[in-house]
Amino acid sequence: MTRTPAPDWTDRVLELEIGPIAHGGHCVARTDPDDEGGRGRVVFVRHALPGERVRAVVTEDQGGGFCRADAIAVLEPSPDRVAAPCPWARAGGCGGCDLQHVEPGAQRRLKTAVLHEQLRRLAGLSSDVVVEELPGGSLGWRQRLRLAVDDEGTPGLRAHRSHEVVPISDSLLAPEGLLDGVLGAPYPPGDEVDVALDADGVRHVGVVSTAGHNGGSVQRAVGREWELSPGAFWQVHPALADTLVDIVREWAAAPAGGTAWDLYGGVGLFAAVLAEQVGPDGRVSVVESSRRAVEDGRSALRDLRQITWRAGRAEALVTSLPDPDVVVADPPRKGLGRAMVDEICARSPKRVVHVACDPAALARDVGLFAERGYELAALRAFDAFPMTHHFECVALLTPVRE
């Protein structure tokens, strides 16, 4: 029997009761199985809130049991709803901010709910950890922006799940004046423009493909200074680097004369802390895929001779490292994955500090550590990206006590 293809719901307008928040900046709704078409489906709705009744337009339908939609009218609003301060944070607008329509305290509650759901579903754990606020407020915090350039050479921000460039006149997430003179200037069509503010308040602007930044930027943390090459990674929230450093210092507790790994170590932010802890007779191995980051880190931390730098893929280089007492890992969004978790656990470190920017990836990794005899001993989470669905987590994993 041939199954009749499901109708494409793109551009269909639906009236929906909005359910819980989901990972990714949207809420979950379900259509009535008795509606036109005879199929109950899951709808992932942006610009909505749990408990609301909205009218939403389907923006993407690839068939199957779900589609995506944007709320275009709120029929019964949530008490947590506020007017979005930015005119581009709307259906069909910029894809950068998912939660501008939500009161900031409620944003953190929603992110907390996402963290709990991911830990429960992917790691089988319950948690009472809450997403904590960082100083600086919900606007004007973002120290770096990457703009897309449209076919006419005009910079802007991309629409959600799209290559379309949305022209803007400013970004409220950026410090005042960061984009002055940038948005009106012509750039190579199809390129990207990187705009960043460093610790001295100096603005750096450059076309990504040509690395045309105005020299290296200066950043400070751990009581130290880094002069970074154009395009080098640094946390975009000004309070996050030192916040993470304080937690790593407390949880890593690397022993004097001991051995520590700093995986996906960037320019050595955490290596600086680990080197202080192990002292001159200890060893810290930094593994980082960016050779430019390794050069910047080696220069900034040249007085810490206990640090060894290795440029390349962590997955390939970790097998040659000496057995660690402590591991600090700050992997990309996809997380560590099974092979890396297996390699870490096979070396029997006493503590693993896992820094994660994706709660689903973190929860998967926590589950993998559990399979190898490591338990989640501590967890903290920070709203390092207000107005978006993103947040930062730090987890401490230790061997299960017999």
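In this predicted model, the loop between α2 (240-252) and β14 (259-263) holds A253. Although A253 is not a glycine, its phi is positive, at about 45°. Most residues other than glycine have a negative phi. A253 has a relative accessibility of 36% and therefore counts as partly exposed, since that class lies between the buried limit of 20% and the exposed limit of 50%.

A second residue of this kind is found in another loop. M387 has a phi near 75°, again a positive value in a residue other than glycine. Its place is in the loop between β19 (374-382) and β20 (392-399). Here the surroundings can be read from the accessibility: M387 reaches 4%, so this residue counts as buried, whereas A253 counts as partly exposed.

Attention may now turn to the loop between β13 (224-228) and α2, where Q235 is placed. Q235 has a relative accessibility of 12% and counts as buried, because the limit for that class is under 20%. What does Q235 touch, once its neighbours within four places in sequence are left aside? The contacts of Q235 are L240, A241, L244, D330 and E392. Of these partners, L240, A241 and L244 fall within the range of α2 (240-252), and E392 falls within that of β20 (392-399).

The model also offers some empty space to explore. Rolling a probe the size of a water molecule over the atoms shows where such space is left. For cavities of 30 Å³ or more, the count comes to one. The largest cavity has a volume of about 60 Å³. Its lining is made up of I21, A22, H23, G24, G25, L99, L110, K111, V114 and H389. Two elements, β1 (13-22) and α1 (104-123), give two or more residues each to this lining, and the largest share, three residues, comes from α1. By character, the lining of the largest cavity divides into five nonpolar, four polar and one charged residue.

Open space is represented here by the second largest pocket, which holds about 300 Å³. This pocket is lined by 25 residues, and those nearest its centre are L197, D198, S217, Q219 and W234. At least two lining residues are supplied by each of β10 (192-197) and β12 (217-221). How do the lining residues of the second largest pocket divide into nonpolar, polar and charged? Ten are nonpolar, eleven are polar and four are charged.

Technical notes
Residues numbered from 1 in each chain as written. Predicted model: local features only at pLDDT ≥ 70, side-chain atom pairs only at ≥ 80, totals over all residues. Heavy atoms only, no water. 1 Å grid on protein atoms, 1.4 Å probe; cavity = no way out; pocket = protein on both sides within 12 Å on 5 of 7 lines; lining within 4 Å. Points joined across faces, edges and corners; volume = space filled by probe spheres on them. Helix = DSSP H or I, 4+ residues; strand = E, 2+ residues; numbered from the N terminus. Nonpolar A, V, L, I, M, F, W, Y, C, P; charged D, E, K, R; others polar. Buried < 20%, exposed > 50% of the residue type's maximum accessible area, 1.4 Å probe, protein only. Contact = heavy atoms within 4.5 Å.
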